[in-house]
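Visitor: I am new to this structure, and I would like to learn how the terms used for it are earned. Could you take me through them with care?

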Amino acid sequence: MGLLLIYAKVSFKDRIFSKIIFSGSITEAETEMESDTKRKRKSYRVFVILMIFKQHMDIKKIQDRLAKFAKDRNWEKFHNPKNLSMALNVECSELVEIFQWLDTTQSADIMLSDEAEHVQEEMADIMIYLIRMADILKIDLSRAVDDKIIKNSKKYPF
Ligand SMILES: [Mg+2]
């Protein structure tokens with residue numbers, strides 16, 4: 001029942017969501033849509049995409065988990081912007097260290113090697129400190145990324 005309610009809600013609002021998250025692909029799908037069956041299929045697809053998006057990219061939820069993690073361990077006093085930026089830099093260096101002496105082919109194939117999990121963990125560490133730092137500085141990371149991509153597209157037109 002919960003699934004059905006969410007599905008209906010997404011069906012109702014899919015135009016709004018499609019513009020916010022996946023404007024290109026969904027707009028294209030809309031032109032192909034002719035029957036109710038196709039509408040349902042499309043709505044279901046949007047629902048699945050949204051669930052994946054929420055599952056992996058709910059920054060606020062991650063921030064809340066990280067805040068609790070820090071509070072439970074009395075680490076809040078350490079989580080100032082200076083320390084977090086330094087920790088972020090250390091984690092970036094740990095990622096770089098994995099690739100340090102590899103040639104181009106070895107680095108491209110890293111996820112096929114024994115270091116695959118290590119790469120994933122260091123990237124997660126980077127993301128964790130970045131998201132935590134954004135929380136402390138009250139930066140809307142999603143908006144900041146969107147704004148920067150737009151800025152870059154103007155700076156580097158193709
Ligand atoms: Mg690490």
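Guide: Let us begin with a word on naming: helices are DSSP runs of at least four residues, numbered from the N terminus. With that in hand, N74 can be placed in the loop between α4 and α5, the latter covering 81–99. Please keep in mind throughout that this is a predicted model.

Visitor: What makes N74 exposed or buried?

Guide: A residue counts as exposed if 12 or fewer other C-beta atoms lie within 10 Å of its own. N74 has 8 other C-beta atoms within 10 Å, and therefore N74 is exposed.

Visitor: What is the phi of N74?

Guide: N74, which follows α4, has a positive phi of about 55° although it is not a glycine. As background, most residues other than glycine have a negative phi.

Visitor: Where does K138 lie, and what is its phi?

Guide: K138 is found in the loop between α7 and α8, the latter being residues 141–155, and K138 has a positive phi of about 55° without being a glycine. With 6 C-beta neighbours inside 10 Å, set against the limit of 12 or fewer, K138 counts as exposed.

Visitor: Why is α4 said to lie largely in the open?

Guide: Being buried takes 20 or more other C-beta atoms within 10 Å. Of the 14 residues of α4, the number that are buried is 0, so α4 lies largely in the open.

Visitor: How do you know what span to expect of α4?

Guide: The expectation rests on 1.5 Å a residue, which for the 14 residues of α4 gives 20 Å, and the helix reaches 20 Å from its first C-alpha to its last, close to that value.

Visitor: Why is α4 called roughly perpendicular to α7?

Guide: The axes of α4, residues 59–72, and α7, residues 116–136, come within 9 Å and cross at roughly 90°. Angles of 65 to 115 degrees count as roughly perpendicular, and that makes α4 roughly perpendicular to α7.

Visitor: Which residues make this contact?

Guide: From α4 come I59, I62, Q63, L66 and A67, and from α7 come I128, I131, R132 and D135. These residues divide into 6 nonpolar, 1 polar and 2 charged.

Visitor: How do you know where confidence is low?

Guide: The mean pLDDT of the protein is 79, and 64% of its residues reach 70 or more. Under 50, however, are residues 1–14, for which the model has 12 contacts beyond four places in sequence, and residues 16–34, with 14 such contacts.

Methods:
Residues numbered from 1 in each chain as written. Predicted model: local features only at pLDDT ≥ 70, side-chain atom pairs only at ≥ 80, totals over all residues. Axes fitted to C-alpha atoms, helices over the stretch in contact; angles between N-to-C directions. Helix = DSSP H or I, 4+ residues; strand = E, 2+ residues; numbered from the N terminus. Parallel < 35°, antiparallel > 145°, perpendicular 65-115°, else oblique. Contact = placed C-beta atoms within 7 Å. Nonpolar A, V, L, I, M, F, W, Y, C, P; charged D, E, K, R; others polar. Expected span 1.5 Å × (residues − 1). pLDDT = per-residue confidence, 0-100.
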